[in-house]
Structure formats: structure tokens, C-alpha cells
Amino acid sequence: MKWFGAIGWVVVVTMQISSVFAQESYTVEREEIADRKAVLATVQTVDMTPARARIGGTIVELLVDEGSAVRAGEVIARVVDEKINLEKQALEARRASLQAERKLAEIALDRAQRLRKTGAGSQAKLDEARTNLDVVVKNLKAMESDRELILQREREGSVLSPSNGRVIRVNVTTGVVVMPGEAIANIADETYILRIEVPERHARFIRKGDLVSITQAGVLETQGVVRQVYPEMRNGRVVADVEVAGLGDYFIGERIRVYVSTGKRATYLVPQRFVFTRYGLHFVVLEGNREIVVQPGRRIGDKIEILSGLQDGDMLIGGQL
């Protein structure tokens, strides 16, 4: 029994020793990566459109407030011009007068036709009566057009949202007198983008279609795509718009840290499992179980950038297979 126990102990020790020497390796080679710079981006809307009053008058009803979601064509306020009601009353009075004239002209035409049939009336009287009726009918049609014009002006008192989006600012309150064309509210389009400003020295590196990394608390959240690079520099900076999905949860004007490409450079990338920390220093193990101190940089995926301590061709020894 003791003999068999000794054999089992030897087998266990042999397996542990063999596992120590069964290390995976990694050959260090210089790689080219995109150099990225951290900049602050501002959440903006693609378009900011004012909802304007189409007639002058008094705001009698305000149906939205800052932050309200609106659809294109939705009524957001109502403007009333008291002169329109007076014009409608005057028009209705003239319309009633013309209708009375029409009845009188129809009676006169009927009398002239009967007299003409009996020979007691002349053709000139008949033509005159027919012309009078025709003039009154045309005046009534013109009056109907004027009435439609007034009703259209009244309908234009409804201030409509020009697009789908969210109300960013309301410029008036109920009871305020506004002029035609005055902005009642500013509507932000529901499509949001990130607007970034990159220093002039990096202008030649940023291109339409480049990927932009968006982080929060140092953790990659998502990526966006540069949709437009403006040809004009502002205060020595290049302005670009980045398209990102899900920006509707942010506030317009909110600042977010993003990383943009500013060219390419050569560096060493090592899998993170080959780097360990001891006493606040970072080490790797070279072939022959020789430990050396390295200076790590930023993490890129499952690898970490090594700024110093390694050279081409170094063989790293890592964890157990």
C-alpha cells in the first residue's frame, strides 16, 4: 500500500511539473494601429426649424411646452386676429345684399321674358334684364372667393409644426401679440448627431466614413460614423458630424467624450494575459523564464499596447495551456 501511495504522489508531482512547462508563447511584432485622440463632442440635431406664425394677431392658445414631442403638421399654437371677424361680418352683409339683388334681377328677367313673348316688351329690355342678372351672379362668385380668402386667413391662425421632432424653445406666451413670420417655437429634428471639433493639425486625417469610438467612464459604449466634414475651419478647428444610433436619450448640447482617428503609428500589441502586475509594476516573461518590466499603454480589444521594454522578435511566455 505504501508503494502504491508513493507511485501516486510521484505521478501527481510529475503532472504539476509538466503543466508548469506547458506554457503558451507569443512572438512580439510591431503592428500599425490607428492613433486616436480624445475630443469632446456635442449632441446636436440635424435641423433646427422654427414654427412661425402665418398671420399677425394675439396668441390665444399655446399647446406645447419645452420638451414636447410633435409631429409634422401638428397644431402647436393658435393666433387670432380680431379684424378677421369684422371682415367676415362685413362680407356676410354684402353677400346678403347681393343675394337680394339676384332675386330682384331674376324677377325682372322673368317679367321681361313674359312681356317679350306677348310682344309688349322689347328685346333691349330683355337683354338688359339678362345682363343685370349675369352681373349679380358673377359678383356673388367673386364674393364667395373673398369669403374663402378670409376663411383661409382664419385657418392660418393655427401655427403648425414644420417637422417631426421635439420642442426645444417656446418664444412666446399666451396673450402675446405676434407679427406674421414671427417664430413661435423652435423644433429640433428627431434625428440627432454628434458634432466634433478637431484641432487644425489633425484636419488631413479625419475623413467621411471614419469610425468614432464613444466612451463613458473609460468604457467603450458604441461607435459612430463620420457623416460630414465641413470644409470651413472655425477658430482653427475642423468641424465634423458623427452619426450614432440611439442618441435620442441624450440632451441637445450635452457633451460626450469620443475618440477620433488622427493617423496611424507602429507599436507593440500584446495579449493582456501575458502582462501581470507586481508591486505596482507591470511585467512580462520572456523565453527562458526571464522577467522584464514593461510600460503599458491603452487597451485595444483583448490586447494591450506596450510603450517600452519590448522589441521585435521577443518571445513571451504566458499562462498554462
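A residue counts as buried when its relative accessible area is under 20%, as exposed when it is over 50%, and as partly exposed in between. The views below all come from a predicted model.

**View 1. F276 and F283 form a stacked aromatic pair.** The ring centres of F276 and F283 lie 5.7 Å apart, with 15° between the planes. F276 has a relative accessibility of 27% and therefore counts as partly exposed, whereas F283, at 11%, counts as buried. The ring of F283 also has a charged neighbour, since the charged end of R278 sits over this ring, 5.2 Å from its centre.

**View 2. Y26 and F274 form a tilted aromatic pair.** The structure holds two aromatic pairs, and in this one the ring centres are 5.8 Å apart while the planes meet at 40°, so the pair is described as tilted. Y26 belongs to strand 1 and F274 to the loop between strand 15 and strand 16, and the pair thus links parts of the chain that are 248 residues apart. Both Y26 and F274 are buried.

**View 3. A charged end sits over the ring of Y230.** The charge belongs to R234, and its distance from the centre of the ring is 5.5 Å.

**View 4. Helix 3 packs its buried residues against helix 2.** Helix 3 runs over residues 123-155, and because each of its 33 residues is taken at 1.5 Å, the expected span is 48 Å, which agrees with the 48 Å between its end C-alpha atoms. Its buried residues include L126, A129, L133, V136 and L140, and the buried residues of this helix pack against helix 2, residues 82-118.

Definitions and conventions:
Residues numbered from 1 in each chain as written. Predicted model: local features only at pLDDT ≥ 70, side-chain atom pairs only at ≥ 80, totals over all residues. Heavy atoms only, no water. Helix = DSSP H or I, 4+ residues; strand = E, 2+ residues; numbered from the N terminus. Expected span 1.5 Å × (residues − 1). Buried < 20%, exposed > 50% of the residue type's maximum accessible area, 1.4 Å probe, protein only. Contact = heavy atoms within 4.5 Å. Phe/Tyr/Trp six-rings, centres within 6.5 Å; stacked < 30°, edge-to-face > 60°. Lys NZ or Arg CZ within 6 Å of the ring centre and 35° of its normal.
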